[in-house]
Amino acid sequence: MFVDLLDELKFSFKGEVSNESWIKDYYSVDSSNHRILPELVCFPKDEDDIKISLDSAIKNGLSISCRGAGTSLLGQSLSNGIVLDFTKYMNKILDLDLQSNCVNVQPGIVKGLLDKELRKHNKFLPPNPASSNYCTIGGMVSNNSSGPYGLGYGSILGYLQYIDFIYSDGKKGFAQNGLCDDRLNKFLQPLFSIHDEISSVYPDVSKNSCGYRLDSIFTPTFNPQNLFAASEGTLAIITSLKLKIIDLPIFRSLYMVYFSSVQKACMYTSKILSTRPAALELLDSPVMDSSIKSITASNNGCLLFIEYFYQHQGEINSISKLLKSAVYSEGKVVEQAHDLDSINNLWGSRRNALNMAIKYTVGNRKPFTIFEDTAVSIDHIYEYVTDVLALYNKYNLSYVIYGHLGNGNLHTRPLITDSSSSDDLLNLTQTKMLHDITNSIFKKVKEYRGTITAEHGDGISRTPYIKNVYNSFILSYFKYIKKSFDPSNILNPGKIVL
Ligand SMILES: Cc1cc2nc3c(=O)[nH]c(=O)nc-3n(C[C@H](O)[C@H](O)[C@H](O)COP(=O)(O)OP(=O)(O)OC[C@H]3O[C@@H](n4cnc5c(N)ncnc54)[C@H](O)[C@@H]3O)c2cc1C
């Protein structure tokens with residue numbers, strides 16, 4: 001049957017279709033621990049190609065999953081059906097409107113390439129994941145990605161203006177500020193009267209990628225396009241996106257502040273936030289690369305990266321004074337940079353944190369990923385981090401910790417020696433320990449009204465835990481939304497709604 005499918009697709013497809021085993025192998029993995037072999041990989045050139053793929057998927061009972069750069073950490077783009085890769089052809093800037101500060105792009109454009117173009121015009125799109133040299137705008141929107149400037153500028157959800165998409169039955173749809181196609185409008189009708197009730201039970205955090213962002217559709221006005229942020233390709237296939245862009249800051253200054261422990265740094269977070277930085281990031285010593293370790297002159301402790309954007313050169317003196325007073329007496333400014341090259345150099349070490357964490361994979365030992373992206377409000381960050389570190393201590397685990405302290409979103413992973421290949425009893429004990437730690441951490445997250453994922457998304461790994469964040473009322477609307485868009489469950493099944 002699938003040989004026919006390949007022939008059938010090849011006949012009408014403008015882009016490319018492949019079932020070669022090395023291509024399927026390549027697309028069977030992303031940046032998670034999962035591996036799922038797809039049946040076919042397609043590289044669509046346009047909307048017609050997407051419709052043809054959907055048609056074939058339905059006829060042959062296959063699922064269909066979109067893919068950008070495959071940098072998701074929880075298996076978001078993996079599927080045993082058809083994988084649609086947007087990076088080969090549907091990767092263009094369609095329009096750059098400097099008057100109204102908007103850029104219209106295809107989903108497969110790489111964020112770093114878009115940045116390069118925008119920089120020529122002194123503009124930028126602030127959400128900036130550490131993976132931005134590879135990741136695509138389609139992937140960023142579908143995971144509601146963020147990054148260091150999430151503190152000053154929020155996640156990509158805040159920049160969505162207009163989305164063109166294709167429903168699972170091949171019909172076209174659109175959503176923009178205040179308006180959407182009739183079918184989407186009908187799907188959203190039951191939510192109109194209960195949006196306050198919905199928003200009141202969502203996590204109390206500054207960014208959130210867990211489940212569907214129903215809370216963002218009506219706040220402050222009707223923004224149906226926001227439904228697609230964090231939807232992980234489970235509702236529709238995005239074909240183009242219009243995003244708000246802003247002027248690059250005129251002046252920037254980056255400070256590195258040393259604290260003797262992560263907990264001490266957390267105690268000072270509120271004071272530092274009162275100085276209004278655009279970014280406040282944390283890097284603990286186990287994930288510092290050699291260039292940065294020499295700056296701290298210590299093997300322990302952590303560094304905060306605190307960046308300010310400002311309009312007048314003279315402002316830097318008062319910013320510097322305010323920061324020094326905010327971190328007094330435990331924090332010490334160990335480095336600062338005020339020109340672009342030096343700032344980018346220093347940020348390099350922070351961007352490298354996940355790679356440093358992955359370097360702890362030696363033999364059977366690896367950093368364990370499931371609660372690596374929680375967030376709680378700043379009011380709770382000190383208690384929360386104390387709870388997490390106490391758990392690591394209880395089970396005698398080494399760990400890494402770094403991330404977006406200003407958003408209460410710290411990435412942490414215990415280093416686990418995988419005993420699945422050794423005896424069964426050890427394996428069972430270890431599974432139980434990881435289960436206990438995950439449940440304890442997610443219980444704390446709930447207690448503080450946080451989220452189990454602030455920017456990485458749910459994917460295959462975290463979907464079973466979404467119920468830890470939302471009550472049955474919200475979960476029933478997730479099911480309703482998924483069923484409305486995708487009644488046959490062909491769009492990226494196994495993510496968000498099981
Ligand atoms: C080293 C490293 C550092 C990272 N740092 C950060 C960070 O700082 N901040 C952060 O937020 N994340 C970070 N991430 C996670 C990841 O890079 C982001 O989530 C990224 O935005 C994913 O983009 P992608 O193009 O790789 O998407 P993919 O992984 O390919 O796909 C992501 C989701 O988008 C969907 N999708 C893609 N295109 C479409 C489309 N056209 N229509 C519908 N759905 C679509 C896919 O089906 C999938 O569900 C990091 C990852 C790595 C490996």
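**Entry 1: two cis peptide bonds**

I began with Ser329, which sits in the loop between helix H12 (315-327) and strand S16 (332-337). I looked up the bond that leads into Ser329 and found that the peptide bond from Tyr328 to Ser329 is cis, with omega near 15°. I note here that the model is a predicted one.

I then turned to Pro220, whose place is in the loop between helix H8 (195-200) and S11. Thr219 and Pro220 are joined by a cis peptide bond, and I recorded an omega of about -5°.

**Entry 2: positive phi in residues other than glycine**

I looked up Ala230, which also belongs to the loop between H8 and S11. Ala230 is not a glycine, yet its phi is positive, at about 75°. Is Ala230 buried or exposed? I counted 28 C-beta neighbours inside 10 Å, so Ala230 is buried.

My next residue was Asn396, in the loop between helix H15 (378-394) and strand S18 (399-404). Its phi is near 55°, again a positive value in a residue other than glycine. Asn396 has 6 other C-beta atoms within 10 Å and is therefore exposed. The cut-off I applied calls a residue buried at 20 or more such atoms and exposed at 12 or fewer.

**Entry 3: Asn226 and Leu157**

I stayed with the loop between H8 and S11, as Asn226 has its place there. Asn226 has 25 other C-beta atoms within 10 Å, so I entered it as buried. Which residues does Asn226 touch, not counting those up to four places away in sequence? I listed Leu157, Leu160, Arg213, Ser216 and Ile217. For one of these, Leu160, I looked up the spacing: Asn226 and Leu160 are 66 residues apart in sequence, and their C-alpha atoms are 6.8 Å apart in space.

I followed the contact to Leu157, which is in the loop between helix H6 (150-153) and strand S8 (160-166). Leu157 is buried, because 23 other C-beta atoms lie within 10 Å. Beyond residues up to four places away in sequence, Leu157 touches Asn144, Arg213, Ser216, Asn226 and Ala229. I also looked up a pair with a wide separation in sequence: Leu157 and Asn439 are 282 residues apart along the chain, and 29 Å lies between their C-alpha atoms.

**Entry 4: Leu283 and the nonpolar core**

I moved to strand S14 (residues 279-284), which contains Leu283. Leu283 is buried, because it has 27 other C-beta atoms within 10 Å. Leaving aside its neighbours within four places in sequence, I recorded contacts of Leu283 with Met288, Cys302, Leu303, Phe305, Ser349, Arg350, Ala353 and Tyr402. Leu283 and Arg351 are 68 residues apart along the chain, and their C-alpha atoms are separated by 9.8 Å.

I then looked up the largest nonpolar core. How many residues does this core have? It has 123 residues, and those with the most contacts inside it are Leu303 and Leu304. Outside its neighbours within four places in sequence, Leu304 is in contact with Val257, Phe259, Ala265, Leu280, Glu281, Leu282 and Leu405.

**Entry 5: the shell around the ligand**

I found that 36 residues surround the ligand, and that the closest are Gly68, Gly138, Gly139, Ser142 and Gly233. Strand S3 (64-67), helix H5 (137-143) and strand S11 (237-244) are the elements that give two or more residues to this shell. Which element gives the most? I found it to be H5, with five residues. By class, I entered 12 nonpolar, 20 polar and four charged residues for the shell.

**Entry 6: the protein as a whole**

I closed with the overall values. The protein has 18 helices and 19 strands, and it is divided into domain 1 (2-85), domain 2 (251-352) and domain 3 (358-459 + 466-473). The C-alpha centres of domain 1 and domain 2 lie 43 Å apart.

Taken along the principal axes, the C-alpha atoms fill a box of roughly 70 × 65 × 45 Å. I compared the radius of gyration with the rule for a compact globule: for 498 residues the rule gives a value near 23 Å, and the protein has 23 Å, so the two agree. Buried residues make up 48% of the 498 residues. Among contacts with a separation of 6 or more, I found that 72% come from residues 24 or more positions apart.

Methods: Residues numbered from 1 in each chain as written. Predicted model: local features only at pLDDT ≥ 70, side-chain atom pairs only at ≥ 80, totals over all residues. Near = placed C-beta within 6 Å. Helix = DSSP H or I, 4+ residues; strand = E, 2+ residues; numbered from the N terminus. Nonpolar A, V, L, I, M, F, W, Y, C, P; charged D, E, K, R; others polar. Domains from an automatic or database assignment. Rg over C-alpha atoms; globule rule 2.2 N^0.38 Å. Contact = placed C-beta atoms within 7 Å. Core = buried A, V, L, I, M, F, W, Y, C linked by C-beta atoms within 7 Å.
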